[in-house]
Structure formats: C-alpha cells, structure tokens
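Trainee: Got a minute to go through this one with me? I'd like to start with the strands.
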Amino acid sequence: MRHAILADIHGNLAAFKAVLEDIEEKGGAKELWCLGDIVGYGPDPSGCIALLRQYPHLCVAGNHDWAAIGKVDISDFNLDAAEACRWTGRQLSPEDVKYLESLPLTLTRGDFTIVHGSPREPIWEYVLSTQSARDNFRFFETRYCLIGHSHVPMVFEHVGETCLLGELPAALRFGGNRLIINPGGVGQPRDGDPRAAYAIYDERDKVIYHYRIPYDIEDTQQRMVRQGLPIFLVTRLSYGR
Ligand code: ZN
C-alpha cells in the first residue's frame, strides 16, 4: 500500500497537476494525505480544492485554509499574504467554504499523526529547530508525525533524550526511532529548489520516498499576474524562496 503525502499546495494548480501525474507514473497511491494549506498565495484555490476532492484523500486544516474563510484571523500575516488571503476568500464557492470549514486540525492514520504546523499548535507553529521538534515529540502518540507549513523538506529524529535534524533523503527508511517529517511544499517551495516537493509512503517496505517535480512555473506566474496577486509572491516561485 502506498500513500502520497502532499503539503502546501497553495492554489498552485500547475504544480499540483504535475505532482498528481508523477504519482500516476510511479504506480499511483491509495490515498492522498494532504497536510493543509490547499489555498492561499496561488491563482487557483477553487480548482485545487476541486481536484483534491476527486481523489480518495484525507486533509487537515492549514492556517491559510482557515484564514481564507475567516475562521482564524490574519493579523499575523504579512501584507502580501493578507492581500492574497482576501483575494482567495473571494474566489471560493459556498461548497469550497464548507469543505475548508470541515477540515480537522489533527488526524491519525496507522503509525502517523498528520498536522499542518505542529502537533502542539496544529496550524500556527513552525517546526524548524531541534528545540521545537524535541518539545513537539511529547504532543503526539504515534511513532511518526507528518507536518507541513514551513515548505522546507526535513526530518527530525528522536534519539534518546535528544533530537537530530536532517535533510529529507530520497529514500527514508524507518529504523525504530520516532520521526517528525516534512515533505516540503507542492505549490510554493522555500528551500531554494523551485520544483514541487512531495513524498510517497510505502507501507509495506516502511520507506518514505521524497521527490522533486518540475512544473510550468511561468504558467502559474502569468495567472497570478493576471489576477493582480502581489508581485513578490509571483517572483519567489522562480527561486523557491
Ligand atoms: Zn503554507
């Protein structure tokens, strides 16, 4: 059994489609596990929700998902994010709003806890340091936790009383230790590589495969410009920052 792990699609339909095509080429996945932020920043929020819902999937809420429908406030957003968020809210159908509204903060599936930000603060906390990861290992009970939010692929390993941080390798084989894993972002990567990032979990072999997929960045950028979305959000896609 294989499941695809997708975080931070962010309304980027070209990136999302490229990832879905890659999943099919690799033999498909039983379920899509979406780690939140389907919308926000990108030019096709409604299209991304509709496409996700065509697949067997599970999804947790991200800060942008709930900010776009007014369920959390956006006072912590920078100006560009807030502007894109208000634009996103205007694009959503009543059906989209109902779907985003219904997303849970946390899910568990087998050995995995699934959240957007962190198990401690599911939609707002960024887990980027071993300090915050070490604290967060106390906030979930499964062996593994999947997170998004930072758009940076990485893995934290709980070893005795300490916590190690590593880059997410192309194939992450599970040993016995507990892990917090971020597959990187589909629709707005921030680790310096502009290609879409996602992962596939192979349940039988206990491996997470990490992939980077090229997509038509210019197509997304042109659509953003046409919609009048903030130019910083447009240009950052070229650099993956
Ligand atoms: Zn995000």
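Mentor: Sure. Keep in mind that this is a predicted model. A place to begin is Phe156, which stands opposite Leu165 in β8.

Trainee: And what does Val155 stand opposite in β8?
Mentor: Val155 stands opposite Gly166.

Trainee: In which sense do β7 and β8 pair, and over how many bridges?
Mentor: Strand β7, residues 154-159, pairs with β8 in the antiparallel sense, over 5 bridges.

Trainee: How many residues are there between β7 and β8?
Mentor: There are 2 residues between them, and the two strands form a hairpin. Gly160 lies in the turn and has a positive phi of about 60°.

Trainee: What is the strand order in the open sheet?
Mentor: The order is β4-β5-β6-β10-β7-β8, so to speak from one side to the other, for 6 strands with mixed pairing. In general, strands of a sheet pair through backbone hydrogen bonds, either parallel or antiparallel.

Trainee: Which are the edge strands?
Mentor: β4 (107-109) and β8 (162-166), each of which pairs on one side only. From one strand to the next, the twist averages 20°.

Trainee: Switching to a single residue: where is Thr113?
Mentor: Thr113 is in strand β5, which covers residues 112-114.

Trainee: Buried or exposed?
Mentor: Thr113 has 4% relative accessibility. Buried means under 20%, so Thr113 counts as buried.

Trainee: What is Thr113 in contact with, leaving aside neighbours within four places in sequence?
Mentor: Thr106, Leu107 and Thr108 are among its contacts. The list also includes Phe140, Thr142, Tyr144, Cys145 and Leu146.

Trainee: OK, helices now. At what angle do α1 and α2 pack?
Mentor: Helix α1 (residues 13-25) and helix α2 (residues 45-53) pack at about 20°, and their axes are 9 Å apart. Angles under 35 degrees count as roughly parallel, so α1 is roughly parallel to α2.

Trainee: Is the crossing left-handed or right-handed?
Mentor: The crossing of α1 and α2 is left-handed.

Trainee: Which residues make the contact?
Mentor: From α1, the contact is made by Leu13, Phe16, Lys17 and Leu20. From α2, Gly47, Cys48, Leu51 and Leu52 take part.

Trainee: How many of those are nonpolar, polar and charged?
Mentor: The contact of α1 with α2 has 6 nonpolar residues, 1 polar and 1 charged.

Technical notes
Residues are numbered from 1 along each chain as its sequence is written. This is a predicted model: local features need pLDDT of at least 70, side-chain atom pairs count only at pLDDT 80 or more; totals for chains, interfaces and linings use all residues. Side-chain values use heavy atoms; hydrogens and water are left out. Axes are lines fitted to C-alpha atoms, for helices over the stretch in contact, and angles run from 0 to 180 degrees between N-to-C directions. Helices (H or I, at least four residues) and strands (E, at least two) are DSSP runs, numbered from the N terminus. Angles under 35 degrees count as roughly parallel, over 145 as roughly antiparallel, 65 to 115 as roughly perpendicular and the rest as oblique. A crossing is left-handed if the near helix is turned anticlockwise from the far one by less than a right angle, and right-handed if clockwise. Contact means heavy atoms within 4.5 Å. Ala, Val, Leu, Ile, Met, Phe, Trp, Tyr, Cys and Pro count as nonpolar, Asp, Glu, Lys and Arg as charged, and the others, Gly among them, as polar. Buried means under 20% relative accessible area, exposed over 50%, partly exposed in between (1.4 Å probe, protein chains only). Two strands pair if DSSP finds at least two bridges between them.
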